[in-house]
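Colleague: I should be grateful for a close look at one part of this model, set out for a first-year student. Please choose a single pair of facing residues and build the picture outward from there.

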Amino acid sequence: MHQFHYRSCTLCEAMCGLQIETSAGSILGFKGDPEDKFSRGHICPKGPELKSLYQDPDRIKFPQKRTESGWETVSWVEALSDIAVQLVKIQTKYGNDSVAIYNGNPTVHNYGSMLFGQRFSSRLKTKNNFSATSVDQLPHQLLSYLMFGHQLLVPIPDIDHTDFFLILGGNPFASNGSLMSVPDVKKRLKAIQDKGGKYVVVDPRKSETASHANEHIFIKPGTDAYFLLALLHVLFANKLTKPNPLIRNEDLQTIEDITKEYDPERVSKITGVPTETIQKIATEFAKAESAVCYGRVGVSTQEFGAVCQWLINVINIVTGNLDKKGGAMFTLPAVDLVGEGSVMRSNPGSFNSYQSRVRKLPEFSDELPVAALAEEILTEGEGKIHALVTSAGNPVLSTPNGTKLDSALSSLEFMVCVDFYLNETTKHANYILPPTSALEHDHYDLIFNVFAVRNTARYNEPLFAPEPGMLHDWEIFSDLTKRLELTRSGKELPKEVIKTKLTPASIIDHALKSGPYGNKGTRAMDMSLELLKNSPHGVDLGPLQPSFPERLYTENKKIQLFPKLLKEDLPRLKSKFSEWEKFSADRSQFLLIGRRHLRSNNSWMHNLPKLMTGKSRCTIMIHPDDADTLGISNEEEVLVESSVGKIRIPAEITEELMKGVVSIPHGFGHNRGGTKQKVATEFSGVSINDLTDDQSIDEFSGNAAFSGIKVSIKKQTA
């Protein structure tokens, strides 16, 4: 008998609704859920590959222990007990900070891992917490904390209602939105154009999104902050700003004074953006009925990532486009992680309350920048990291200077990985603890509803029961947390897996009932887990609505337009501008940027066969004029070298790239050996993070600075 199962995809941020046809426990087909009000039937190539992930013969299902003779399957009780004993032993000997934690990007796609992983982390009581945040969106969260009072009060483009959409360093055609959960993004962007609006992309590469934009503007990597300052210069000079009762006039005047020296003509010389283009974009943005400026990975991951996100917020604010329909708005999810009275309110944030041991890099929200991880393992002395626990992450491929981290991981005394693949990172572990896959557990999107372009809610029930003896990740963390406590107190450890009555679903049910759409909330509609279970296509909670000043969480209920801490970074910004003015291009030196593809947002997707079809994507894109100067032909292998490493990679000659700029995709490099990912190894490619430098960061925030790394390119000799 054929049946239909409905759920949202968890392979990117878009939360697309899926309709899965099954019969007798087998999957017959996938398609987009036509009744999902958010994704509207849209589906990308990743969704159907949840089946391949579930069936992947390389997927680990039971605990693995590394021994002298290789990997051996052991029982959960043996693995979890030994891990608890070893972690306590190391912390007793060296101190709590001798054990570190790293959480990868897929953690936030799994509410069980988030809820119970945090409990485990808090029990370890270590300051050495790291995650993918500091190689991605840290500047967004930091500026939300400094300007609006909460790290998750991130402005979201109201894409469905805007007339002018300015995108910097973002490629939503490939990402399906990022810190802007937006399924069916192509149609949504086309709808802007169809109603007479426009969208403009500013990027060193003419990306998939830029190719369909009304206008694409090339910009030199690393100079976006100056482009934004020049836009503000035009806005102030031409009196195109609008008053806002939530900002201090003194802050506004100070910012205007700062922008005076960054006039379009001067900025044009270092950014490569024509003077008249800067003036036109600023004027059109200000005069549009509604407009929104949005910057993503390309601007976050550069040496002024925090300044860029600050300036983007400032542009939206001073043009009257913050907290306004069609501008940058704020969500009100069914499970509210921001509201002061919410039972699940997350940590509003903290900054620089302590620093990393070696380089004194600032913490943000109880996490240290992952660019410091390798040196904290390799540098001797008190506070050195001796053990590491990772969850759903492959930092050897996804964080800067992967070669250095690879070496550092091999020197650890003990390592545990909650993961279902033997990959470039987990191969260093003493134990691999595999959780169930997405189709085997329930799910509620805690995080991506916070970043969605429309308020919706959907609960996903499991499609398949896991094999007997498998554990969900929350069960792994729950048991391990209890064993840590028992070991520290000297009590005997149980001979069976420790069960708990508290489940992710029970936590969410309570949060839904007491949230803004619960029976006592501001938008009461009797929201509950039961309601969502009876709504397989999800529940539409409506468009984003203006919410300030009520939803502001600063002390004075005002927007901190010019955060005091950020002022300290302006001399560095000014000094770097002078460096750019003196910059003369060496024909053998290039600025390296990354890129992503719709089919491979994360490195572990490279083991899913259908996502790797088509021509090879691990190439270095280079402009025809640059290739001609170097004597390089298409598909020829070239040597690329940075200050920390070198790789060999085929050239892809294309006019997509700005002259003097080259691009290598993120997530490849499955050629290190010792792994078990057959498909990924077949399409191994090379890792861009064997070129990126862990010492290259945004000094203010601590975020990794991937964009604009200087590299040389040489033709291979026979």
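Modeller: Let us begin with E21, which stands opposite G29 in β3. The model in which this pair is found is a predicted one. As general background, the strands of a sheet pair through backbone hydrogen bonds, in either a parallel or an antiparallel sense. Here, strand β2 (residues 17-23) and β3 pair in the antiparallel sense, over 6 bridges.

The surroundings of this pair come next. An open sheet of 3 strands has the order β1-β2-β3, and its pairing is antiparallel. Because β1 (2-8) and β3 (26-32) stand at the edges with a single partner strand each, one side of each is left without a neighbour in the sheet. From one strand to the next, the twist averages 25°.

A second sheet may be set beside this one. It is an open sheet of 7 strands in the order β5-β4-β18-β17-β16-β6-β7, with mixed pairing. Its edge strands are β5 (70-73) and β7 (129-131), each of which pairs on one side only. Neighbouring strands of this sheet are turned by 20° against each other on average, with direction ignored.

Within the 7-strand sheet, strand β17 (residues 414-418) and strand β18 (residues 431-433) pair in the parallel sense over 3 bridges. The bridge partner of V416 in β18 is Y431. Helix α3 (residues 111-124) packs on this sheet, where it touches β6 (99-103), β7 and β16 (387-391). The direction of helix α3 makes about 165° with that of β6.

Definitions and conventions:
Residues numbered from 1 in each chain as written. Predicted model: local features only at pLDDT ≥ 70, side-chain atom pairs only at ≥ 80, totals over all residues. Heavy atoms only, no water. Pairing = 2+ DSSP bridges. Helix = DSSP H or I, 4+ residues; strand = E, 2+ residues; numbered from the N terminus. Axes fitted to C-alpha atoms, helices over the stretch in contact; angles between N-to-C directions. Contact = heavy atoms within 4.5 Å.
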